[in-house]
Amino acid sequence: MALAFGSLVPTHTNTLCLSLTPQPLNNLIFSTKNHTKFMFCGRGVSYGNTLSCSEQRASTSIATIVCSAANKPSSSEISSTAKIRSEVLSPFRAVRMFFYIAFIASGSLGGFIAATQLLGALANPSRASQVGDILKGLGIDIGAVSIFAFLYLRENKAKNAQEARLSREESLSSLKLRVDDKKIIPVSSLRGIARLVICAGPASFVTESFKRSLPFTEGLIDRGVLVVPFVTDGNSLCLEFDESDEELNKRRKRLWQLAPVYITEWWLNEQKKLAGVSSESPVYLSLRLDGRVRGSGVGYPPWNALVAQLPPVKGIWTGLLDGMDGRVL
């Protein structure tokens with residue numbers, strides 16, 4: 001049993017919020033001001049998590065606690081790292097957006113002046129001949145404002161989409177993978193080393209994906225592909241390796257050696273929602289060497305396409321073809 005140290009704060013909704021210290025925890029014991037003790041037993045609670053506990057009192061002295069854990073920051077928040085990466089990938093976007101705003105302001109000011117001139121011309125019969133020219137200038141101003149407003153909104157939409165994608169990738173890079181019984185690493189440590197393919201679905205789906213990858217083991221290993229089997233139905237995964245060829249069997253185990261840790265923190269359901277895919281559908285997600293999402297889809301990973309499209313990670317072409325991982329989604 002692990003002890004938790006932190007601050008317990010009641011809110012106006014009769015909810016107790018416990019902020020934990022930076023250490024991985026499995027079991028928590030804490031008490032309120034009236035010395036009522038509570039215990040939380042769980043798995044995967046770690047630094048950066050906030051535990052929300054709703055206290056429901058009855059006529060007796062027994063209190064019931066309903067607990068839920070939420071990761072902070074949430075996936076809807078854009079990290080500063082994602083914003084910096086977005087600026088690096090699109091260095092002239094801020095300049096374009098600045099000029100769009102400047103042109104919108106200029107056109108709006110011109111339209112306001114033209115509108116006042118039009119009112120004066122309509123009120124003064126001696127200036128009736130100027131109405132046509134004023135209307136022409138007002139139309140140009142309105143058209144310019146509309147065009148630059150459209151360009152600004154499109155640029156801003158692209159900016160938000162890029163930042164959201166980069167934020168999800170940063171969140172993915174902080175997730176943990178188990179290499180063996182003694183070693184756990186973050187996904188970010190494999191950047192520039194391996195191209196991860198996350199295979200998520202029921203145990204039967206992952207097992208069939210494993211069988212379909214066997215003929216392409218050599219090609220996938222040469223291209224730095226490592227598979228993360230993500231079982232979603234809670235069943236145990238049992239992969240059968242052919243012991244007749246020891247060297248090939250070793251490479252197959254290397255291809256499928258990774259396993260996700262703290263699976264509740266993985267955001268695959270959010271990725272499915274963004275893609276309009278049912279949460280029950282088995283999917284795959286492939287990453288580039290730089291950690292960005294290269295491709296995704298419903299069903300089994302296209303092992304043959306990965307071997308055909310990806311360049312090897314060793315040899316004279318190493319480095320030169322690192323960016324040939326395919327377009328970014």
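Modeller: Before we start, a polar contact here is a pair of N or O atoms within 3.5 Å, where one must be able to donate a hydrogen and the other to accept it. Please keep in mind that this is a predicted model.

Colleague: Fine. Which backbone oxygen lies 2.7 Å from a polar atom of the Ser213 side chain?

Modeller: That is the backbone oxygen of Phe210, and the distance of 2.7 Å falls within the 3.5 Å limit, so the two atoms are close enough for a polar contact.

Colleague: And where does Ser213 sit, and is the residue buried or exposed?

Modeller: Ser213 belongs to helix 4, which covers residues 203-213, and because its relative accessibility is 0%, it counts as buried.

Colleague: Leaving aside neighbours within four places in sequence, what is Ser213 in contact with?

Modeller: With those neighbours left out, Ser213 is in contact with Leu220, Leu255, Trp256 and Trp303.

Colleague: Let's change topic to charges. How many salt bridges are there in the whole structure?

Modeller: A search of the whole structure gives eight salt bridges. One of them joins Glu218 to Arg251, with the closest N and O atoms 2.9 Å apart. That pair links distant parts of the chain, as Glu218 is in helix 5 (residues 217-222) and Arg251 is in helix 6 (residues 246-255), 33 residues apart.

Colleague: Which other side chain meets Arg251 in a salt bridge?

Modeller: Asp222 does, at 3.2 Å from N to O. Because Asp222 lies in helix 5 and Arg251 in helix 6, this pair ties together parts that are 29 residues apart in sequence.

Colleague: Why is Arg251 called buried, and how do Glu218 and Asp222 count?

Modeller: Arg251 has a relative accessibility of 18%, which is under the 20% limit, so it counts as buried. Glu218 counts as partly exposed at 38% relative accessibility, and Asp222 is partly exposed with a relative accessible area of 38%.

Colleague: What does Asp290 pair with?

Modeller: Asp290 forms a salt bridge with Arg292, the closest N and O atoms being 3.0 Å apart. Asp290 counts as partly exposed at 29% relative accessibility, whereas Arg292 counts as buried at 15%. Elsewhere, salt bridges that share partners join Arg93, Arg96 and Glu155 into one network.

Colleague: On to the sheet. What is the strand order in the open sheet of four strands?

Modeller: The order is 10-9-12-13, with mixed pairing. Strand 10 (225-231) and strand 13 (293-298) stand at the edges with a single partner strand each, so one side of each is left without a neighbour in the sheet. From one strand to the next, the twist averages 15°.

Colleague: In what sense do strands 9 and 12 pair?

Modeller: Strand 9 (residues 195-201) and strand 12 (residues 283-287) pair in the antiparallel sense over four bridges, and Ala200 stands opposite Val283 in strand 12.

Colleague: Last one: where does pLDDT stay under 50?

Modeller: It stays under 50 over residues 1-76, for which the model has 130 contacts beyond four places in sequence. Where pLDDT is low, the predicted coordinates should not be read in detail. The chain averages a pLDDT of 74, and 71% of the residues score at least 70.

Technical notes. Residues are numbered from 1 along each chain as its sequence is written. This is a predicted model: local features need pLDDT of at least 70, side-chain atom pairs count only at pLDDT 80 or more; totals for chains, interfaces and linings use all residues. Side-chain values use heavy atoms; hydrogens and water are left out. Helices (H or I, at least four residues) and strands (E, at least two) are DSSP runs, numbered from the N terminus. Buried means under 20% relative accessible area, exposed over 50%, partly exposed in between (1.4 Å probe, protein chains only). Contact means heavy atoms within 4.5 Å. A salt bridge is a side-chain nitrogen of Lys or Arg within 4 Å of a carboxyl oxygen of Asp or Glu. Two strands pair if DSSP finds at least two bridges between them. Axes are lines fitted to C-alpha atoms, for helices over the stretch in contact, and angles run from 0 to 180 degrees between N-to-C directions. pLDDT is the predictor's confidence in each residue, from 0 to 100.
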